[in-house]
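Open your viewer, switch to the cartoon view and keep the selection box handy. We will go from one stop to the next, and at each one you will select something and see what is there.

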Amino acid sequence: MIQGSSTFIHVGQIHVDTAPHAISTVLGSCVSVCLYDSTLGIGGMNHYLLPFWNGNGLQSPKFGNIAIPKLIENMISKGSSSKTLQAKIFGGASMNMGGSDTMMIGQKNILVAKEILKEYKITIVAEDIGGQNGRKIQFNLEQGKVLLKYAQRSDILSGGQ
């Protein structure tokens, strides 16, 4: 699935780049927001683990309420405008095999992405979220398209590499 030059990002990472580069990651209950500016050919991706930073410890992009604004800021610093950005959201699976879904981390990760993108008035043009399966994604910045393959549990545990 991974084609050409691609930067792999892990939990808590944000990457912004230009075409013809690509960005990839592997998701379970984590969520990635992919932003694309078709006028400039700039795209970015984050990969966060939990929806909210609770004020304890460092403000890390492993939290959605930190990672999404930082991704938007990085895109704007490269010349994009929030008016020209389009978003795609992936991940948020329920990976708790056989257990209860009381934590619902995946669902909470999805909700925080939608709420923050709505605050910034960034349109969500595509999404593949929720469910029981992990995902491998590759964001092709030349076309602004995201290739997706559902991942096995072993792929998620190994970090997809």
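In what order do the five strands of the open sheet stand? Select them and read across: β2-β5-β4-β6-β7, with mixed pairing. Strands pair here if DSSP finds at least two bridges between them. Helices (H or I, at least four residues) and strands (E, at least two) are DSSP runs, numbered from the N terminus.

Before going further, note that this is a predicted model: local features need pLDDT of at least 70, side-chain atom pairs count only at pLDDT 80 or more, and totals for chains, interfaces and linings use all residues. Residues are numbered from 1 along each chain as its sequence is written, and side-chain values use heavy atoms, with hydrogens and water left out.

**Stop 1: the edges of the sheet**

Colour β2 (14-18) and β7 (123-129). Each has a single partner strand, so one side of each is left without a neighbour in the sheet. From one strand to the next, the twist averages 15°. Angles run from 0 to 180 degrees between N-to-C directions, and axes are lines fitted to C-alpha atoms, for helices over the stretch in contact.

Now add β5 (residues 42-46), which runs antiparallel to β2 and is joined to β2 by five bridges. Select Thr18 and you will find its bridge partner, Ile42, in β5.

**Stop 2: two helices on the sheet**

Next, select α1 (residues 64-77). Helix α1 packs on the sheet and touches β2, β4 (31-37), β5 and β6 (85-91), where a contact means heavy atoms within 4.5 Å. The direction of α1 makes about 160° with that of β5. Then select α2 (residues 105-119), which packs on the sheet too, touching β4, β6 and β7. The direction of α2 makes about 25° with that of β4.

Stay with α1 and show its side chains. Which residues of α1 are buried? They are Gly64, Ile66, Ala67, Ile68, Pro69, Leu71, Ile72 and Met75. Buried means under 20% relative accessible area, exposed means over 50%, and partly exposed lies in between (1.4 Å probe, protein chains only). These buried residues pack against β2, β4, β5, β6 and α2. Just after the helix, click on Gly79, which takes a positive phi of about 110°.

**Stop 3: charged pairs**

How many salt bridges does the structure hold? There are two, a salt bridge being a side-chain nitrogen of Lys or Arg within 4 Å of a carboxyl oxygen of Asp or Glu.

Select Glu127 and Lys114, whose side chains meet at 3.7 Å, N to O. This pair links strand β7, home of Glu127, to helix α2, home of Lys114, 13 residues apart. Glu127 is partly exposed at 40% relative accessible area, and Lys114 is partly exposed at 30%.

Then select Asp128 and Arg135, with their closest N and O atoms 2.5 Å apart. Is Arg135 buried or exposed? Arg135 is buried, at 3%, while Asp128 is partly exposed, at 21%.

**Stop 4: cysteines**

Select Cys30 and Cys34. Both are buried, Cys30 at 7% and Cys34 at 1%. The whole structure has zero disulfides (pairs of cysteine sulfur atoms within 2.5 Å).

**Last stop: the whole chain**

Zoom out. The chain has three helices and nine strands, and 42% of its 161 residues count as buried.
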